[in-house]
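User: Please take a close look at one network of charged side chains in this model, and set out where its members sit and what surrounds them.

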Amino acid sequence: MKLVGIVGSIADQSYNRMLLRFMSTQYRNMADIEILDISDVPMFNQSNDQSDSPAIQYLNHKILAADGVIIATPEHNHTIPAALKSVIEWLSYNLHPFTDKPVMIVGASYFIQGSSRAQLNLRQILESPGVNAITLPGNEFLLANAKEAFDESGMLKDDRTASFLGSTLQKFVEFVGVIGHLNGRADNPGASEDLYATGNCDTTVKDVDMRDPQWLEKAAEKTNAVSGDAYVKLDRGLLTVNQIDRFLKTMPVELTFADENNQFIYYGDQGHDPKDMLASRTPDQVGDPLYYVHPERALKGVATVINNLRNGKTDLFVLPVPGNGPTKHLMHYYKAMHDEDGVYRGINEWVVDLWPIVASYLKQTGKKLVDDPNAKVAATTGASSSAPVEPDPDASTGASEEEEAPTAPTTDASTGASEETEAPMADATTKASDADIFVAEVDETSGASEA
Amino acid sequence: MNKYIAIVGSNADKSTNRQLLQYMKQHFAPVAEIELMEIKDLPVYAKNADRKTPEQALEMAKKIDAAAGVIIATPEYDHSVTAALLNALSWLSYSVHPFVDKPVMIVGASYGALGSSRAQGHLRQVLDSPELKARVMPSSDFLLSHSLTAFDDTGNLIDADNTKLLDGLFQDFEKFVEITKQLNGTLSQDKVNATNVSWQDKK
């Protein structure tokens, strides 16, 4: 679940910022909380509309893309800070990202009040028609005497306070789910995915334009990336960068890496012409946000798949891409990657043609593929094209999709993260000549594997 | 004749709250001197290391200090006081505290039917806070609804009942200013307390 936390203070040192930082690290398994700063937002003035300014658009996009918002407010003069009120005014004037958005309020104060009056006031403000947020009822979290509340590493000293905060956040996470149903978001779980990759993850290379065709070169320079004969220690082995490259380039699959920020940061360039690849990639695309490497029609499906992987609804999404003729059976696999703490770290995508494997099996065993009269054939591909071998990949295709990925989106969604493509319903474009070539390849491959 | 400062709670170029105060200035000219005060152009309030208050706010504080009382006209944005007005009040309760024990009258105008009722309630709560600690006249709402059509071409209030109510409230306010002078039990301590709050607050 993707949440954003708004620090209601613009003071250099803010206990409310500390509180949100604590929440984002301590409860990272509960939710992914990105902290947003409001320091650059000008004072609201309806005579000088700056809704389009970067600072306000940034907040607008972030809030729109989030499943929910946490606001940490200090108390100034019995109410919320003017800076926070100004942000809410900008976001309730021409822009309305809070509409139907679940919001949780927390607050820290120097003294005993714990921002009690500011919190009540904030509830009232969030309730107003221009804002129209859906604030978590009850579950107040007031952190009093904030100066003494944190230890040197920014952790809440008092275990009971921390555990109460955790249980409150847990309720909010459930609340977000309930409100999602209310808003019909359950039917569109990808709505919260930021395919523009406007955020950061801890590996994002800052200050290099993601869309720059030279992103790789510039980002590598910026990070002083090792290359060539530099050694890299892996789990488990020691390889040079050149060795890793050779290793990945000779994988019998096409590999793609998208990080948790939805940035496309690697593909295994095996030196083929992009149009000859199973799923086309071009060198200049590396670094692009995922939005820019997919056709418009595929975006909803892409977002849904990513969101299901991010939230653990599925760990592996399998997408058969039929329509490439009888001697090519393309499969796209999207596997969620996690770090040692179980936090989502992106997608390992591999694209593979299964036909050589099937062909090898048939050759080895002397069996042949026949139609299953009982199978319900998924009326997808253009496998009707007459070709020497007549397998019927369609039946299995449909079935495997159902089995592998019960939460998979429907066909229009299924184009998945392969940018080039090949929607399942797409026309069978494979020409007979192509098919012949691949038959030849099949033989070669199986021969090689026998050897 | 008493002198009053009238704070326009909006930073917009066109504001019926400004219009309301302009009307009051002109209408009460025979009995009181009212000077309008604008709040726009102040930087966004943030605590700073040297505890500096912008020059504009210091000027405002001087004028408020010298005035017998303050009239604040507030619009209502999102069920509450505008960020711009909160911002001005924050600067006027940081290194200087001109509102402490200052008599304040709240009025407000809105385009709709409610006349900024919730913002006025909110403003009372804010002015009651320890670093502002104003003396807000109790039980004295002036809620000007449908403010776009409330004034005639010469800037006078069209509705006679409204004018009568405002006359009465202003009369009361002038008396309230006098009465407040007698509420001096904590007077010498109030300024000190307000300042102390901010000292403790200082990190």
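The answer below follows one salt-bridge network and its surroundings.

Analyst: This is a predicted model, in which local features need pLDDT of at least 70 and side-chain atom pairs count only at pLDDT 80 or more, while totals for chains, interfaces and linings use all residues. Residues are numbered from 1 along each chain as its sequence is written, and side-chain values use heavy atoms, with hydrogens and water left out. The mean pLDDT (the predictor's confidence in each residue, from 0 to 100) of chain A is 82.

A:Lys2, A:Asp32, A:Glu34 and A:Lys62 are linked in a network of salt bridges, a salt bridge being a side-chain nitrogen of Lys or Arg within 4 Å of a carboxyl oxygen of Asp or Glu. Within this network, A:Asp32 pairs with A:Lys2, their closest N and O atoms lying 3.5 Å apart. That pair joins distant parts of the chain, since A:Asp32 belongs to strand S2 (residues 32-36) and A:Lys2 to strand S1 (residues 2-7), 30 residues apart; helices (H or I, at least four residues) and strands (E, at least two) are DSSP runs, numbered from the N terminus.

A:Lys62, in helix H2 (residues 54-65), is buried at a relative accessible area of 7%, whereas A:Asp32 is partly exposed at 35% and A:Lys2 is partly exposed at 21%; buried means under 20% relative accessible area, exposed over 50%, and partly exposed in between (1.4 Å probe, protein chains only). Leaving aside neighbours within four places in sequence, A:Lys62 is in contact (heavy atoms within 4.5 Å) with A:Val4, A:Glu34, A:Leu36, A:Asp194, A:Thr198 and A:Gly199.

Methods:
Chains lettered and ligands numbered in written order.
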